[in-house]
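Student: I would like a close look at one part of this model, set against the whole chain. Please start wide, then zoom in.

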Amino acid sequence: MSRPARARDFGFVCGNLPAGALNSISDVPGVRVGHRTLIDGDIRTGVTAIVPHADNLYRRKPVAAVHVLNGFGKSAGLVQVEELGTLETPILLTNTLSVGTCCTALVRHAIAQNPDIGRETATVNPVVFECNDGYLNDIQALAVTEADAYAALESASSRFDVGSVGAGCGMSTFGFKGGIGTSSRRLDLDDGSYHLGVLVLSNFGRPGDLRLPDGRIVSPSGALDRTVTEKGSIIIIAATDIPLSDRQIKRIIRRSGVGLARLGSFWGHGSGDIALGFTTANVLSHDEKAALVGLQVLNENRIDLLFEAMADATQEAVLDALIAAGSMTGRSGHHRPGLFDTLKSLSPEA
């Protein structure tokens, strides 16, 4: 059996709601994702860019929210998103020590589109998330450059790779090779069809804690070592075309924790587990002149549907990363096996 490209190719399906056509965050119209992957010697790292829409993000800001499950992390820009409830740059994912470089790249990218930033108008809030890929990657080499961030932005597309790509190149999950994963759910409301999509940068979980949808618990070594602490991080990015307020988005992205718990995570002390969500249906103008503006929002009697979609899509996105990532050897000969290879070795047909 050849290695599947996605979790569903292996039969991993989470929940009962239908997936979108691509089973991807880019099932939300306008959302695009790009990668820059760096593999050279002991380098196993990169940048992943999530672009919410094709317009000028500084001028047309999607309504957004952040939720921190466990805050052992070094991300940038979260305070302003929490306070104002909007995004004004693309989102970049990278390794822990490259947050500053990616922030500078986003600032330059925004100024190139908006020369009035910091002069005639306000400054800009770059949003960058990180996970520590130091087990497989020589993180001290500071290999990520501004040019790599620009390359990820320029390559953004509705169709993109998952697994050991971009920021996911050097990541680990439950002792297996982790990385980038994605999943979506199609939601029917009134007379229309909408989507909620999730993308994860998966780098969390204690070896031996991973629980599969069929109930099996699997470990790279075949046994749980209770002396190993849960550390790493997971970044969860959610997008939807359903009109929501930032308060509603926060309620929804909190349910990402349900998906993580189903997988066996308890959000350990050393893990930075953070979710950000945005809607492309409510966009605020930077140059708005009206004193009062109108936003459409979801009837909260229907919000359980989005809670369910968020939990299911988060769980499946992590499995997507695990199945797609394959095995990898990196810095100093450190090795992470692929989940697919491990499951194949356990199969009676192997």
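Student: How much area does the protein chain expose, and what percentage of it do carbon and sulfur atoms supply? After that, which residues of helix α5 are buried, and what covers them?

Tutor: This is a predicted model. The protein chain exposes about 14100 Å². Carbon and sulfur atoms supply 49% of that area.

Now the frame around the helix. The secondary structure of the chain comes to seven helices and 15 strands. The radius of gyration is 19 Å, close to the 20 Å that the globule rule gives for 350 residues, so the chain is as compact as a globular protein of that length. Along the principal axes, the C-alpha atoms fill a box of roughly 65 × 50 × 35 Å. Of the 350 residues, 57% count as buried. Take the contacts with a separation of 6 or more: residues 24 or more positions apart account for 79% of them. As for charge, there are 32 positive and 37 negative side chains. The centres of these two sets lie 3 Å apart.

Next, the helix itself. α5 spans residues 256–263. Its buried residues are Ser256, Gly257, Gly259, Leu260 and Leu263. They share one side of α5, because they cover an arc of only 155 degrees around the axis. Several elements supply the cover, and they come from both helices and strands. The helices include α4 (246–254) and α6 (304–325). The strands include β3 (60–71), β10 (210–211), β12 and β13 (270–285). Just after α5 comes Gly264, with a positive phi of about 115 degrees.

One covering strand deserves a second look. β12 runs over residues 231–240 and holds Ser233. Phi of Ser233 is near 155 degrees, a positive value in a residue other than glycine. Ser233 has a relative accessible area of 2%, so it is buried: the cut-off is under 20%.

A second case of this kind is Phe174. Phi is near 50 degrees there, again positive in a residue other than glycine. Phe174 sits in the loop between β6 (172–173) and β7 (176–177). The relative accessibility of Phe174 is 0%, so this loop residue counts as buried.

β6 also borders the loop that holds Gly166, with α3 (146–154) on the other side. Gly166 has 0% relative accessibility and therefore counts as buried. Leave aside the neighbours within four places in sequence, and Gly166 is in contact with His35, Arg36 and Thr37, as well as Thr45, Gly46, Val47 and Thr48. Ile180 is 14 residues from Gly166 along the chain. Their C-alpha atoms are separated by 7.8 Å.

Last, Thr342, a residue of helix α7 (residues 339–346). The relative accessibility of Thr342 is 12%, so it counts as buried too. Beyond its neighbours within four places in sequence, Thr342 is in contact with Phe176, Ser219 and Pro337. Residue 176 also belongs to β7.

Back to your helix, in brief. The buried residues of α5 lie on the same side. Their cover includes β12, the strand that holds Ser233. And Gly264, with its positive phi, follows directly after the helix.

Conventions
Residues are numbered from 1 along each chain as its sequence is written. This is a predicted model: local features need pLDDT of at least 70, side-chain atom pairs count only at pLDDT 80 or more; totals for chains, interfaces and linings use all residues. Side-chain values use heavy atoms; hydrogens and water are left out. Helices (H or I, at least four residues) and strands (E, at least two) are DSSP runs, numbered from the N terminus. Buried means under 20% relative accessible area, exposed over 50%, partly exposed in between (1.4 Å probe, protein chains only). The arc is that of the directions from the helix axis to the C-beta atoms. Contact means heavy atoms within 4.5 Å. The radius of gyration is taken over C-alpha atoms; the globule rule is 2.2 Å times the number of residues to the power 0.38. Accessible areas come from the Shrake-Rupley method with a 1.4 Å probe; for residues, only the protein chains shown count as cover. Lys and Arg count as positive and Asp and Glu as negative; His and the chain ends are not counted. The place of a charge is taken as NZ of Lys, CZ of Arg, CG of Asp or CD of Glu.
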